[in-house]
Amino acid sequence: MTAAFCIHRADNVATLIAATEPGAVTILGEASAQIVAREAIAAAHKIAIARIPAGELVIKYGWPIGSATRSIEIGDWVHLHNLASNYDERSGTLNLHTGSPTDTTDAYV
């Protein structure tokens, strides 16, 4: 069973306990439910448990962590490709998989 944990009733994302492939995911915690992952998602990453229209807040732990940069459907991976952080204005410039900055150059070359 693939599972994700939701901390607060207001959350529209949950955190995956283990990596998942497309398919059923059981949501544990405050928003107990079953959803379908629409894509492969790594462990500890966020999965949408509610539809989040573009521009709407992404809520985790009962707190807005950012805004959707495009429409996010239930079961989508929520990460740098569809979320702008409220805390790091450079989040949109980070590599999707490594988190490395992509907006800088090597000054020592």
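Which residues is Thr20 in contact with, leaving aside its neighbours within four places in sequence? Select Thr20 and keep that question in mind while you set up the view.

**Before you start**

This is a predicted model, in which local features need pLDDT of at least 70 and side-chain atom pairs count only at pLDDT 80 or more, while totals for chains, interfaces and linings use all residues. Residues are numbered from 1 along each chain as its sequence is written, and side-chain values use heavy atoms, with hydrogens and water left out.

**Stop 1: Thr20**

Here is the answer: Thr20 is in contact with Thr2, Val25, Ala37, Glu39, Ala40 and Ile41, once its neighbours within four places in sequence are set aside. Contact means heavy atoms within 4.5 Å. You will find Thr20 in the loop between β2 (13–16) and β3 (23–29). Strands are DSSP runs of E with at least two residues, helices are runs of H or I with at least four, and both are numbered from the N terminus. Is Thr20 buried or exposed? Thr20 is buried, at a relative accessible area of 4%. Buried means under 20% relative accessible area, exposed means over 50%, and partly exposed is in between (1.4 Å probe, protein chains only). Now add Ala42 to the selection: the C-alpha atoms of Thr20 and Ala42 are separated by 6.5 Å, with their places 22 residues apart along the chain.

**Stop 2: the whole chain**

Zoom out and show the cartoon. The protein chain has nine strands and zero helices. Of its 109 residues, 34% count as buried. Among contacts between residues at least 6 apart in sequence, 36% join residues at least 24 apart. Turn on the surface too: the chain exposes about 6,300 Å², and carbon and sulfur atoms supply 56% of that. Accessible areas come from the Shrake-Rupley method with a 1.4 Å probe, and for residues only the protein chains shown count as cover.

**Stop 3: the nonpolar cores**

In soluble globular proteins, nonpolar side chains tend to be buried together. To see this here, select Ala4, Cys6, Ala14, Leu16, Val25, Ile27, Ile35, Ala37, Ile41, Ile47, Ile49 and Trp77, the 12 residues of the largest nonpolar core. β1 (3–6), β2, β3 and β4 (33–37) each supply at least two residues of this core. A nonpolar core is a set of buried Ala, Val, Leu, Ile, Met, Phe, Trp, Tyr and Cys residues joined through side-chain atoms within 4.5 Å. Apart from this largest core lies another, of nine residues, including Val13, Ile52, Val58 and Leu83.

**Stop 4: Thr26**

Move to strand β3 and pick Thr26. Thr26 counts as buried, at 18% relative accessibility. The side chain of Thr26 makes a polar contact with the side chain of Gln34 (3.4 Å). A polar contact is a pair of N or O atoms within 3.5 Å; within protein, one must be able to donate a hydrogen and the other to accept it, and residues adjacent in sequence count only if both atoms are side-chain atoms.

**Stop 5: the salt bridges**

How many salt bridges does a search of the whole structure find? The search finds three. A salt bridge is a side-chain nitrogen of Lys or Arg within 4 Å of a carboxyl oxygen of Asp or Glu.

- Select Arg9 and Glu30, whose side chains meet in a salt bridge (2.9 Å, N to O). Arg9 lies in the loop between β1 and β2 and Glu30 in the loop between β3 and β4, so the pair ties together parts that are 21 residues apart in sequence. Arg9 is exposed at 69%, whereas Glu30 is partly exposed at 39%.
- Select Asp76 and Arg38, where the closest N and O atoms of the salt bridge are 2.5 Å apart. Asp76 is buried, with a relative accessible area of 10%, whereas Arg38 is exposed at 53%.
- Select Glu73 and Arg51, which form a salt bridge through their side chains (3.2 Å, N to O). Glu73 is partly exposed at 28%, and Arg51 is partly exposed at 47%.

**Stop 6: a surface patch**

Finish with Phe5, Ile7, Ile17, Leu28 and Tyr61, which make a nonpolar surface patch of about 480 Å². Patches are made of residues with over 30% relative accessible area and no salt bridge; like charges are joined within 9 Å and nonpolar side chains (Val, Leu, Ile, Met, Phe, Trp, Tyr) within 5 Å. Within this patch, Phe5 sits in strand β1 and counts as partly exposed, at 39% relative accessibility.
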